[in-house]
Amino acid sequence: MKLTKCESGHFYDADKYPDCPYCNTELQHRAGIVQPGSAGAAAVKSAQPRGPVAGWLVVKDGPARGRDLRLEEGRNFLGVDAAGCPAVLDADSPLAARQGIVVYDPAEAQWCALPGSSNELCALNGKSLLEKSPLTAGDVFTLGGASAEFVPYCGKERRWTSQPDPERT
């Protein structure tokens, strides 16, 4: 096996593929990496909402421009969907699809970003996300060829309580 790195940073077996199969979608289809009609290398499911929203990522460019990604308490796994657009992934998504993690800790009312387990990196404010980093409003993630701005809802000033407040309903 001849491990080769393409210009986009993907590693592939050059003995098996004449070109990077992650960049060359025709090779993906011929190699069976991707089923016809899908555009991404990993079969991932987008997360379904489980609880109240704690924040968002708003996609600023690319084919998903204007779309919002809902963030909840706990870990939110970031990756790209079958169309190559940024997505919050289902907790059962493959480790290889998780490019980054956004965490909201309700006990501490703090946000942070962590690197994912994918070979593909995600960037935070223009730098590769390689270690735990605190998040603040306006921070920008780059993944899947698009950028998404972080917009917190919960924090020190505003939190969800375990019971709804009857005065507010």
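# Close-up views of a predicted model

**View 1. Ring pairs join W56, Y153 and W160 into a cluster.** The model shown in this and every later view is predicted. A pair of aromatic rings is described by the distance of the centres and the angle of the planes. The count of aromatic pairs in the structure comes to four. One of them is formed by W56 and Y153, whose rings meet edge-to-face, with 6.1 Å from centre to centre and 75° between the planes. This contact links distant parts of the chain: W56 belongs to strand β3 (residues 53-59), whereas Y153 lies in the segment after β13 (146-152), and the two are 97 residues apart. W56 is partly exposed, because its relative accessibility is 25%. Y153 also counts as partly exposed, with a relative accessible area of 28%.

**View 2. W111 and F150 form an edge-to-face aromatic pair.** The ring centres of W111 and F150 are 4.9 Å apart, and the planes make an angle of 70°. Distant parts of the chain are again linked, since W111 is in strand β8 (residues 110-115) and F150 is in strand β13, 39 residues apart. Are W111 and F150 buried or exposed? W111 is buried, with a relative accessible area of 8%. F150 is buried as well, with a value of 1%. The cut-off for this class is under 20% relative accessible area, so the 8% of W111 and the 1% of F150 both qualify.

**View 3. Two arginines lie over the faces of aromatic rings.** R98 is placed over the face of F77, at 3.9 Å from the ring centre. R158 lies over the face of Y153, at 4.1 Å from the centre of that ring. Y153 is also a member of the cluster with W56 and W160.

**View 4. R67 and D81 form a salt bridge between two loops.** The structure holds three salt bridges. In the one between R67 and D81, the closest N and O atoms are 3.5 Å apart. R67 is in the loop between β3 and β4, while D81 is in the loop between β5 and β6, and 14 residues separate them along the chain. R67 is partly exposed at 31% relative accessibility. What is the class of D81 at 15% relative accessibility? D81 counts as buried, because 15% falls under the 20% cut-off. The C-alpha atom of D81 is separated by 8.7 Å from that of G144, although these residues are 63 apart along the chain.

**View 5. Two further salt bridges involve K60 with E149 and R70 with E72.** In the pair formed by K60 and E149, the closest N and O atoms are 3.9 Å apart. K60 is found in the loop between β3 and β4 (68-72), and E149 in strand β13, so that the contact links parts of the chain that are 89 residues apart. K60 is partly exposed, with a relative accessibility of 40%. E149 is partly exposed too, at 29%. The side chains of R70 and E72 meet at 3.4 Å, N to O. R70 counts as partly exposed at 33%, whereas E72 is buried at 5%.

**View 6. Five strands form an open antiparallel sheet.** The order of the strands is β6-β5-β7-β8-β11. Which strands stand at the edges? β6 and β11 (133-134) do, and each has a single partner strand, so one side of each is left without a neighbour in the sheet. Within the sheet, β5 pairs with β7 (residues 100-105) over five bridges in the antiparallel sense. G74 stands opposite Y104 in β7.

**View 7. A109 and N125 each have a positive phi.** Most residues other than glycine have a negative phi, and most peptide bonds are trans. For A109, phi is near 55°, a positive value in a residue that is not glycine. A109 is located in the loop between β7 and β8. This residue is buried, with a relative accessible area of 6%. For N125, phi is likewise near 55°. N125 lies in the loop between β9 (123-124) and β10 (127-128). At 44% relative accessibility, N125 counts as partly exposed.

Methods
Residues numbered from 1 in each chain as written. Predicted model: local features only at pLDDT ≥ 70, side-chain atom pairs only at ≥ 80, totals over all residues. Heavy atoms only, no water. Phe/Tyr/Trp six-rings, centres within 6.5 Å; stacked < 30°, edge-to-face > 60°. Helix = DSSP H or I, 4+ residues; strand = E, 2+ residues; numbered from the N terminus. Buried < 20%, exposed > 50% of the residue type's maximum accessible area, 1.4 Å probe, protein only. Lys NZ or Arg CZ within 6 Å of the ring centre and 35° of its normal. Pairing = 2+ DSSP bridges. Salt bridge = Lys/Arg side-chain N within 4 Å of Asp/Glu carboxyl O.
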